[in-house]
Amino acid sequence: MENFIFGRLGWDDIAIFDVFRDPTASNIVGSSAGWLAVIGGVIVAALLLIKGWWRPLLFNWLNTTDHKKIGIMYIVVGLVMFARGVAEGVVMRSQYVTAYQGGYLTPDHFSELFSTHGTIMIFFVLMPFLIGFMNLLVPLQIGARDVAFPRLNQISLGFTIVGAMLLMISLVIGQFATGGWTGYPPYTGVAFQPGTGPDYWIWSLGLSGIGSLLTGLNFAVTIYKMRCPGMTFLRMPIFVWTALCTSILLVFALPPLTAVVIMQALDRYLDFHFFTNDLGGNMMNFANLFWMFGHPEVYILILPAFGLYSEFTAIFSGKRIYGYMSLVIATMAIAVLSFTVWLHHFFTMGQSPTINVAFGVATMLIAIPTGVKVYVWIATLWGGRIRMRTPIIYLAGFIFFFAVGGYTGILLANPTINFTVHNSQFVVAHFHNVLLPGTLFAVLASIYVWFPKFFGFRLDERWSQTTAWLFIVGFTFAFMPLYMVGLMGMPRRSPAFDDPSYIPYMIVTMGGALCVLAALCALIGTFVVSAKRRDALAVPGGDPWDGRTLEWATPAPVPEWNFAFIPEVSSQDAFAVEKANGTAYDIDANTYEDIELAPTSWIGLNIIVCGTVLGFAMVFWIWWLAVLSALALLTHAIGLGFVRDKGEVIPAHVIERTECDWIALAQQGGFTDRRDEVSTDNRGFAARISEA
């Protein structure tokens, strides 16, 4: 029952107490997850207070506008949510092991699991990961000191964290939607789901979507306007090209999502009928609007990953990237074609055969530039001096999964085949073979590659390779069997099945899921072991892998100001050219000057706090709290217009000392042979290929 103070929030909405009300297996699993979230939050808060970490967290991180720290926070958010996503995947796989004529989870609980799992992995794992790397690398690779709008960057992060917070709160209070990550009405309408679930979905996606849209605007302007002298478009690193196309996709693809979320909210809150059969509504309007965002979203995720693969493939093969222009053209072609294929997500919903054929052809066409990229990476590796380090292991795993997933994608682009396997486990296998290894492996490999650049020490090679192999083996056994059971007729999203022939396959997939869980634990172990060995793994020179682009031309960790002088370039792979010419570590003859950094701001923290309160209040109809939190956000935003803060000024002598110390360290020698780059001799100055 609704009241003024608490809205529709009641004691029954405290999900962590469900285990005491009705101690079934399903409630034990659900409540345990909620209790883990609560206990984890309490432990983190206690550590912050006891260790005194709250002060640097508050004054060095949460108020920063430094693109590097913001990028790191995006990745941390992704890692936290990734842990939950993996745990939910393991629970779903365990359900399928017991699902013959039953299972231990209730149908609603299982539906909630696959809804949160998909939402988390797409919007709060892969998106934060890739936007995090855009923050870390783009300004450095184009020779800039920050993004175009540093405060807007902080605002974008704030909205992303709000969406993640709402998802975590749904573990403890209320429940999340049970309509899948797509939130299809009419099942998510008031008539079918009057509870809090779809409202959590609406506000977590709606608010985080604002942050993603602002990110797209910010990085598009940054790349267009802040490239260093000489950095023409055709001298930009491939990752910058993919970031530019991704930014454009964000600007044009996020508005349909925002529109559909607003319309769904109006349906639920004010009894509009955009997506019901009442008063002229039509569910197909939702499907079209959502997938006008949803399929470009696939390439929003995969394009930056393609850029990362391109960068470290060149580094670890010791060659310039093969076919630079073909990669640029393929990237732009994918960005354009991504807006022409959305309807293949609902081939079975009643369109005419002519429309289905048109979108099937478009889907097959987009596979061409995608395939070009794979051939380019293989050609780059061909004849190169490949080192079988962790990134190359991830690359090999990706090419295997992406090839299989790509071939099955061509099959699914055929409407007649799609009719046969639609809503089967075959489709689950396909997108887990394409999107997850394609994006996740790029991120995990890139964490290994660029971690020393921003933290000053490398990750332990043995632990990193163990993690990579566990992920590859885990994904193989967790998802490859789903192609077989999908062709045998096993549906997806179903909590149970009646065919005993599926059981052996489900046992194998459970083993794969446990292997992925072990890989996650190994990833955590990698960070812990590496941190303990940070002195032995330190790379103050900042170039442990013989990097090619401008971000490697700085000490490690990168100074707040990035570059003592804005670099000037005259070619692709500018740092590699300088190293080949012997000018990479020359003392600059220019006069050092003070550098003013962007001012810090509390708007991001205000958005995190007030935005989370606003979303929670709207979910539970606590109108007075919603109004207060919205006013707090609005007041702070308006107040920023009257503030003329100056940023911190870094004195010229500090910049000169930092730069000269780094160059002096380089000129002492000690350049590391490529064969020894994972040894403790590597201090961040890689020998040139011709000298190695």
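A residue is termed buried when its relative accessible area is under 20%, and exposed when that area is over 50%. The exercises below apply to a predicted model.

**Exercise 1.** Determine whether F290 and F293 are buried or exposed, and describe the aromatic pair they form.

*Solution.* Step 1: the relative accessible area of F290 is 0%, so F290 is buried. Step 2: F293 has a relative accessibility of 1% and therefore also counts as buried. Step 3: by the rule that ring centres lie within 6.5 Å, the count of aromatic pairs comes to 58. F290 and F293 form an edge-to-face pair, with 6.0 Å centre to centre and 75 degrees between the planes. Step 4: both residues lie in helix α9 (residues 283-317), and because they are three residues apart there, about one helical turn separates them.

**Exercise 2.** Establish which parts of the chain the pair of F306 and F402 ties together.

*Solution.* Step 1: F306 and F402 form an edge-to-face aromatic pair, 5.7 Å centre to centre, with 90 degrees between the planes. Step 2: F306 belongs to helix α9 and F402 to helix α12 (residues 390-412), so the pair ties together parts that are 96 residues apart in sequence. Step 3: F306 counts as buried at 1% relative accessibility, and F402 is buried at 10%.

**Exercise 3.** Locate G582 and decide whether G582 is buried or exposed.

*Solution.* Step 1: G582 is found in the loop between α17 (574-581) and β1 (595-596). Step 2: its relative accessible area is 52%, so G582 is exposed.

How values were computed
Residues numbered from 1 in each chain as written. Predicted model: local features only at pLDDT ≥ 70, side-chain atom pairs only at ≥ 80, totals over all residues. Heavy atoms only, no water. Helix = DSSP H or I, 4+ residues; strand = E, 2+ residues; numbered from the N terminus. Buried < 20%, exposed > 50% of the residue type's maximum accessible area, 1.4 Å probe, protein only. Phe/Tyr/Trp six-rings, centres within 6.5 Å; stacked < 30°, edge-to-face > 60°.
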